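Visitor: Please choose one part of this protein and take me through it slowly. I am in my first year and would like each term explained as we meet it.

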Amino acid sequence: MGERDNFSNRFGALVALIGSAVGLGNLWRFPYLVGRNGGAAFIIIYICIVLVICLPLMLCEMVVGRRSKSNVFGAFRKLAPGSHWNIIGILAVLSAVTILSFYSVVGGWTLAYLVKSLGFGFHAVAKGDGAAFSGIFKDFVTSPVQPLLYTLAFMAITGFVVIFGVNRGIEKTSKWMMPIMLVMIVGIVIWSMTLPGSSAGFRYLFKPDFSHVGWNTVLAALGQAFFSLSLGAGTIMTYASYIRKDENILRISAGTVLGDTVFAILAGCAIMPAVFSYGVSPAQGPGLVFVVLPNIFANMPMGSIIAIMFFIILFFAAITSSISLMEVPVAFLIEECHMKRKTAVLVSFVSILALGCVCSLSQGVLGGVKIFGKSIFDFFDFMSANIFMTIGGLLLVIFVGWKLGKAAFKDEMTNGGRLHGANWLLDFFFFIIKFAAPAVIAVIFFTNLI
Ligand code: PHE
């Protein structure tokens, strides 16, 4: 095991973290959740939850990661020697692996659609034939071979980046992908604004309608914020362990949260006006991205170019998140099992790919196999989001609030007292970490279970 890599500076850490956070969650899930849950009312609730609950949770991951400068398992051995807190590390590795198993399948779909759009494939279908587009999508995801090959390709690209390590792999890739994504999405937003009837889409997104708001809205916002900010899967902790000791982790966390939220809102502004302009239903889930949008692209002037841009964004978003997920088991294998980075990547690649293939096949030939009444794909989704991530998150706030303690928390946040100015804010965040966050996460956990 050689010297531990570091992100070269604050910008490097920030683009990598935003790259992890911005993913499929922002691009297809956020826009339709907003629409379904009362537009701006949901956005307001979402932002409050992000600031009051998720930012403190992110700080916990940051503190544990950067203070220990270790993988998710080793971190607890360093910070709480001889204890059983390293179970949080095990949960984190399990989360990352299960998420990546189904995430890589959807990542494969984004790659397939990018390839299709590059071949201008969407025009081959009769214009406006919505049924044809859902047929294409269904045939593709249920077929036994093609999606597997795309999952394989997606994982191979992920592995290829991770092999090069933190600096030359993760940071370098994020540094060019993230700006391209930003420019492209802003371009699509501007173009979306010019479509006839697009204002209905903006109204759908931004008109506050509190009549739909209830307990379920809050739960939906919480679940979305958790997933979108990559919390509870060990990715933030792992990336934080590569942040240099003299960087301001409060600023980096705030930047990550801001970047992710802005990107989610931009995604809504890119997609919804087009959806309304073409008079199709917005509340579609995954179908929105893979069925509704290709249909719209095939019907509009310059649609082929917009389609290419859109699927590049989707693919970049998915791959940068996937890279962060793979780095969790890889760092664990390197430091705990003393593997070379290459071997660690190979082991992770093969095991996750095997699980990914099963997830992919569960859309088609293995569709009959059910675990607790769910398809394998949905079961993995359920286990990671509702069990591993939430229990991991819960234990982590309890660890920082009650075991690590306020002095160590503040010491790490202020770089040993060298940073000044945010004292009251740190007191406030620590109060939340100690009392409010455990209660809130426990409530989400039990509500989701029933
Ligand atoms: N945040 C990513 C998204 O929005 C998903 C993710 C979850 C990535 C957990 C890493 C860890 O799609």
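Guide: Let's begin with a word we will use often: a residue is buried at under 20% relative accessible area, exposed at over 50%, and partly exposed in between (1.4 Å probe, protein chains only). What you see is a predicted model, where local features need pLDDT of at least 70 and side-chain atom pairs pLDDT 80 or more, while totals for chains, interfaces and linings use all residues. Residues are numbered from 1 along each chain as its sequence is written, and side-chain values use heavy atoms, leaving out hydrogens and water.

The part to look at is Arg67. At 26% relative accessibility, Arg67 counts as partly exposed, because that value falls between the 20% and 50% limits. Look for the charged partners of its side chain. One of them is Asp411, which meets Arg67 in a salt bridge at 3.0 Å, N to O; the term asks for a side-chain nitrogen of Lys or Arg within 4 Å of a carboxyl oxygen of Asp or Glu. Now follow the chain from one partner to the other: Asp411 sits in helix 17 (residues 406-413) and Arg67 in helix 3, 344 residues apart, which makes this a link between distant parts of the chain. Helices here are DSSP runs (H or I, at least four residues), numbered from the N terminus. Asp411 is partly exposed too, its relative accessible area being 31%.

Arg67 has another partner, Glu412, and the closest N and O atoms of that salt bridge are 2.8 Å apart. Arg67 belongs to helix 3 and Glu412 to helix 17, so this pair ties together parts that are 345 residues apart in sequence. Glu412 is buried, because its relative accessibility is just 5%. Step back a little and a network appears: salt bridges that share partners join Arg66, Arg67, Lys245, Asp411 and Glu412.

How many salt bridges does a search of the whole structure find? The count is 11. Another one to find is between the side chains of Arg4 and Glu335, at 2.7 Å, N to O. Arg4 is in the segment before helix 1 (10-21), whereas Glu335 is in helix 14 (residues 303-336), so here the parts tied together are 331 residues apart in sequence. Arg4 counts as partly exposed, because its relative accessibility is 25%. Glu335, by contrast, is buried at 16% relative accessible area.

Now come back to helix 3, the home of Arg67, and turn to its nonpolar side chains. Ile47 has its place in helix 3, and its relative accessible area of 33% makes Ile47 partly exposed. Together with Leu51, Val52, Trp424 and Phe428, Ile47 makes a nonpolar surface patch of about 480 Å². Helix 3 (40-68) and helix 18 (423-449) are the elements that give two or more residues to this patch. Which of the elements gives the most to the nonpolar patch? That is helix 3, with 3 residues. Patch members have over 30% relative accessible area and no salt bridge, and nonpolar side chains (Val, Leu, Ile, Met, Phe, Trp, Tyr) are joined within 5 Å, like charges within 9 Å. Accessible areas come from the Shrake-Rupley method with a 1.4 Å probe; for residues, only the protein chains shown count as cover.

To put the picture together, trace helix 3 once more: Arg67 in this helix pairs with Glu412 of helix 17, and helix 3 also gives residues to the nonpolar patch.
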